[in-house]
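Here is a colleague's note for a reader who has not met this structure before. The points below are best read with the model open alongside.

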Amino acid sequence: MGDVTVLFAPPEPGVAIAPQHVAFRVEQVRFDAAVAHLAAAGIPYGDHPTHVGNGRTVDRLGARARVYFFGADGHLFELVALALSP
């Protein structure tokens, strides 16, 4: 899996952008690195969008792990570690 670039168009002047939920599915090693970065930077994270800050990465939906955190602009980001193949 290669690097990903996400491009957004700038908003028109005077137009407010509501916070959005953005999710990415990543390999476990990238997931672990991202969680380590969040922890080192003191960015709260959690395993549920209403419990960002509980410091857990448990996934109740079938993947290996899941984490939610807020970006500086108020957007909710979600990382999901790929499930192991059966």
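1. Helices and strands are taken here as DSSP runs, with at least four residues for a helix and at least two for a strand, and they are numbered from the N terminus. In those terms proline 13 sits in the segment that comes before β1. Please keep in mind throughout that this is a predicted model.

2. As to the overall layout, the protein has 1 helix and 3 strands, and, read from the N terminus, these elements follow one another in the order β-α-β-β. Along the principal axes, the C-alpha atoms fill a box of roughly 50 × 30 × 25 Å.

3. How many of the residues count as buried? Of the 86 residues in the protein, 24% do. The protein exposes about 6,100 Å², and carbon and sulfur atoms supply 60% of that area. Among the contacts with a separation of 6 or more, 40% are accounted for by residues 24 or more positions apart.

4. The segment before β1 deserves a careful look, and proline 13 is one place to begin. Proline 13 counts as exposed because its relative accessibility is 80%, where exposed means over 50%. Its C-alpha atom is separated by 30 Å from that of tyrosine 68, which is 55 residues away along the chain.

5. Phenylalanine 8 also belongs to the segment before β1, the strand that covers residues 21-26. Is phenylalanine 8 buried or exposed? With a relative accessibility of 66%, phenylalanine 8 counts as exposed. Together with Val4 and Val6, Phe8 forms a nonpolar patch on the surface, and the accessible area of the three comes to about 340 Å².

6. Turning to charge, the protein carries 6 positive and 8 negative side chains, and the centres of these two sets lie 9 Å apart. Side chains of opposite charge can pair when their charged atoms come close. The structure holds 4 salt bridges, and some of them are taken up in the points that follow.

7. Aspartate 47 takes part in a salt bridge with arginine 56, at 3.1 Å from N to O, and in another with arginine 60, at 3.4 Å from N to O. Both aspartate 47 and arginine 60 lie in the loop between α1 (28-41) and β2 (65-70), so their pairing ties together parts that are 13 residues apart in sequence. The accessibility of the partners should be read residue by residue: aspartate 47 is buried, with a relative accessible area of 3%, while arginine 56 is partly exposed at 38% and arginine 60 is exposed at 54%.

8. Which residue meets arginine 66 in a salt bridge? The partner is glutamate 78, and the distance from N to O is 2.4 Å. This pair links distant parts of the chain, since arginine 66 is in strand β2 and glutamate 78 is in strand β3 (residues 76-81), 12 residues apart. Arginine 66 counts as buried because its relative accessibility is 11%, and glutamate 78 is likewise buried, with a relative accessible area of 6%. Returning to the loop described in the previous point, salt bridges with shared partners join Asp47, Arg56 and Arg60 into one network.

Key
Residues are numbered from 1 along each chain as its sequence is written. This is a predicted model: local features need pLDDT of at least 70, side-chain atom pairs count only at pLDDT 80 or more; totals for chains, interfaces and linings use all residues. Side-chain values use heavy atoms; hydrogens and water are left out. Buried means under 20% relative accessible area, exposed over 50%, partly exposed in between (1.4 Å probe, protein chains only). Contact means heavy atoms within 4.5 Å. Accessible areas come from the Shrake-Rupley method with a 1.4 Å probe; for residues, only the protein chains shown count as cover. Lys and Arg count as positive and Asp and Glu as negative; His and the chain ends are not counted. The place of a charge is taken as NZ of Lys, CZ of Arg, CG of Asp or CD of Glu. Patches are made of residues with over 30% relative accessible area and no salt bridge: like charges are joined within 9 Å, nonpolar side chains (Val, Leu, Ile, Met, Phe, Trp, Tyr) within 5 Å. A salt bridge is a side-chain nitrogen of Lys or Arg within 4 Å of a carboxyl oxygen of Asp or Glu.
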